Amino acid sequence: MKILVTGGMGYIGSHTVVELSKAGFTPIIADNLSNSQISVLDGLEKITGTRFAFYPIDVCRKDALNTLLADHPDIQGVIHFAAKKAVNESVVNPLLYYSNNLNSLISILEVMIEHHIPNLVFSSSCTVYGQPDVLPVKEDSPVKPAMSPYGNTKQIAEEIISDSLLAHPLLRAISLRYFNPIGAHHSGLIGELPLGVPANLVPYITQCAIGLRSKVMVYGSDYNTPDGTAIRDYIHVVDLAKAHVVALKRMLGNKQKSSYEVFNLGTGIGLSVLQIVKTFIQTNQVNLPYEIVDRRAGDVEQVWADTSYANEELGWKALLGIEEMLASAWKWEQYYRTNNKQ
Ligand code: WQD
């Protein structure tokens, strides 16, 4: 069965393509390569033995989507990853985020309706919760005013999906609210491509460990947490990818309790920045200089998931621990630098 994977050359998208293929699906990849490289297709082929159909298109463009769908009229579902996701960039350039992230979703929904494709898995984010009042955060925790235009595009996107489903009974969707995806496929052949200076903690750590950066700046040690540094729920990208296949199968198997469902994808374990830094050093036996500096504007103090709904209702649970997450991230960094000499 063919599944359209928009943003399938990206970090989470590429790992999901692997899991879809392992589960017997045929992923059709659409990606404009704005945050990826064509070499990802080689990595996917090495892992799966399959050269996936790849369309280098901007999914905001309906004409390009219609060309793809004319080639593949038997697509039964869409996993929509394609979006810009850098929080700080969204603050500097909000219109780029509103236009790209919302127009791509609208185009996808329109072609799904026009081509009678019923099933949508949407890539959402825990940023919709802002700083939760109660932790761990549940799916029915209040969605709070977004702390960035990026986070706002995810909130608005979920509303667009919800409203579209009410107007078009054919459609059904599952939004997956990711916590902090890190790590890489155990082969080291795919991972989070480090294009530019990493905003996220773990890619910055691995670039320090390999000598590309001098030290890790720990943003703030005066938070109201055990060691003063901010807490997040880090989840292995492979566990996250597997959840997308589970969600897709739930819809294909008509197992949904309603046509629109939302699930948190986390581990339920909150870890601080210093815990990540120290675990990385211990797990990988590397030197990792770090310095405590001021807080980063826009960061929430602490957030981690209540995973009971996803565990019980979706029948999915994150299995990989923080050591495997950080070991695989380090393996990917070493593989990438060895094979992409700059
Ligand atoms: C994690 C922690 C930083 C870098 C972002 C997006 C979110 C989601 C996941 C898409 C924070 C600290 C970071 C550094 C540091 N992406 N940090 N030094 O901000 O929790 O979430 O990625 O959905 O939408 O907002 O992830 O990795 O940037 O930060 O101390 O060099 O590490 O302050 O506490 P974040 P992050």
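A contact here means heavy atoms within 4.5 Å. In this predicted model, contacts between residues at least 6 apart in sequence are mostly long-range: 80% of them join residues at least 24 apart.

**Overall fold**

The chain has 11 helices and 13 strands. A compact globule of 342 residues would have a radius of gyration near 20 Å, and the chain agrees with that at 19 Å. Along the principal axes, the C-alpha atoms fill a box of roughly 55 × 45 × 40 Å. Of the 342 residues, 54% are buried.

The exposed surface comes to about 14300 Å². Carbon and sulfur atoms supply 53% of that area. On the charge side, there are 28 positive and 33 negative charges. Their mean positions are 4 Å apart.

**Helix 7**

How many of the 9 residues of helix 7 are buried? The count is 9 of the 9, so this helix, residues 201–209, is largely enclosed by the rest of the structure. Among the buried residues are Leu-201, Val-202, Pro-203 and Tyr-204 at the start of the list, and Gln-207, Cys-208 and Ala-209 at its end.

What do these buried residues pack against? Three strands take part: strand 7 (180–182), strand 8 (216–219) and strand 10 (234–236). Two helices do as well: helix 9 (273–284) and helix 11 (322–339). After helix 7 comes Gly-211, with a positive phi near 95°.

**Cysteines and Ser-104**

The structure holds 0 disulfides. Cys-126 and Cys-208 are nonetheless of interest for their burial. Residues under 20% relative accessible area count as buried. The table lists three residues that meet this cut-off.

| Residue | Relative accessible area | Class |
|---|---|---|
| Cys-126 | 9% | buried |
| Cys-208 | 5% | buried |
| Ser-104 | 2% | buried |

Cys-208 belongs to helix 7. Ser-104 sits elsewhere, in helix 5 (residues 94–114). Why does Ser-104 count as buried? Its relative accessibility is 2%, and the class takes in residues under 20%.

Which residues does Ser-104 touch, leaving aside those up to four places away in sequence? The list is Val-59, Cys-60, His-80, Ala-82 and Ser-99. Ser-99 lies in the stretch 94–114, which is helix 5.

Note on methods. Residues are numbered from 1 along each chain as its sequence is written. This is a predicted model: local features need pLDDT of at least 70, side-chain atom pairs count only at pLDDT 80 or more; totals for chains, interfaces and linings use all residues. Side-chain values use heavy atoms; hydrogens and water are left out. A disulfide is a pair of cysteine sulfur atoms within 2.5 Å. Buried means under 20% relative accessible area, exposed over 50%, partly exposed in between (1.4 Å probe, protein chains only). Helices (H or I, at least four residues) and strands (E, at least two) are DSSP runs, numbered from the N terminus. The radius of gyration is taken over C-alpha atoms; the globule rule is 2.2 Å times the number of residues to the power 0.38. Accessible areas come from the Shrake-Rupley method with a 1.4 Å probe; for residues, only the protein chains shown count as cover. Lys and Arg count as positive and Asp and Glu as negative; His and the chain ends are not counted. The place of a charge is taken as NZ of Lys, CZ of Arg, CG of Asp or CD of Glu.
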